[in-house]
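Biologist: Could you pick one part of this model and take me through it closely? Please put the cut-offs in as you go, since I'll want to check them against my own scripts.

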Amino acid sequence: MYTATMRYYFKPEKMAECIEKWEEEVLEEAEEREGFVRMQFLAKADGTALAIGTWAEKEYAEEFMKTGVFKKILSEFEPFMTKQPEPEIWSTVLYSEVEDV
């Protein structure tokens, strides 16, 4: 699996609007793509958010990036951010999940 994260720094009063935009423009698009495994969007009251995207293989994530979805969403987020987002790439080394929660 291939996991990438993006840490966002939003104005706290704009967090709800940014979550809605991210869901509509990133998550819903990703769910339709080949190789999609899961995405999470974690948020803190101070305006910090962490988006976590996991794909079956790196190539699937790269194909998704070629759609321009992040370039578009970052442009829309510009007035709502306190500083530029920080991307990171992670390798899954351990994973556990309970299916019936």
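Modeller: Let's start with a little charged cluster: K21, E25, K72 and E76 are joined in a network of salt bridges, a salt bridge being a Lys or Arg side-chain nitrogen within 4 Å of an Asp or Glu carboxyl oxygen. Before you script anything, this is a predicted model, where local features need pLDDT of at least 70 and side-chain atom pairs count only at pLDDT 80 or more, while totals for chains, interfaces and linings use all residues. Numbering runs from 1 along each chain as its sequence is written, and side-chain values use heavy atoms, with hydrogens and water left out.

Within that network, K72 bridges to E76, with the closest N and O atoms 2.7 Å apart. Both residues sit in helix α3, 4 residues apart, which is about one turn of the helix; helices here are DSSP runs of H or I with at least four residues, strands are runs of E with at least two, and numbering goes from the N terminus. K72 is partly exposed at 46% relative accessibility, and E76 is also partly exposed, at 23%. (Buried is under 20%, exposed over 50%, partly exposed in between, with a 1.4 Å probe and protein chains only.)

What does α3 pack on? Helix α3 (residues 69–77) lies across β1 and β4, at about 15° to β1. Contact means heavy atoms within 4.5 Å, and the angle is between N-to-C directions, from 0 to 180 degrees, with axes fitted to C-alpha atoms, for helices over the stretch in contact. Helix α1 (residues 15–31) crosses β1, β2 and β3 (48–55), and runs at about 175° to β2.

So on to the sheet underneath: 4 strands make an open, antiparallel sheet in the order β2-β3-β1-β4. Because β2 and β4 (81–91) stand at the edges with a single partner strand each, one side of each has no neighbour in the sheet. From one strand to the next, the twist averages 15°. β1 (residues 2–10) and β4 pair antiparallel over 8 bridges, where pairing takes at least two DSSP bridges. One such match has T5 with E88 of β4 as its bridge partner.

T5 also meets W90, a β4 residue. W90 touches T3 and T5, leaving aside residues up to four places away in sequence. W90 and T5 are 85 residues apart in sequence, yet their C-alpha atoms are 7.7 Å apart in space. W90 is partly exposed, at 47%. Over in β2 (residues 36–43) you'll find V37, partly exposed too, at 33%.

Back to charges. The whole structure holds 9 salt bridges. Among them, E86 pairs with K83, with closest N and O atoms 3.9 Å apart; E86 is partly exposed at 35%, as is K83 at 43%. Another is D46 with K44, at 4.0 Å between the closest N and O atoms. Here D46 is partly exposed at 46%, whereas K44 counts as exposed at 51%.
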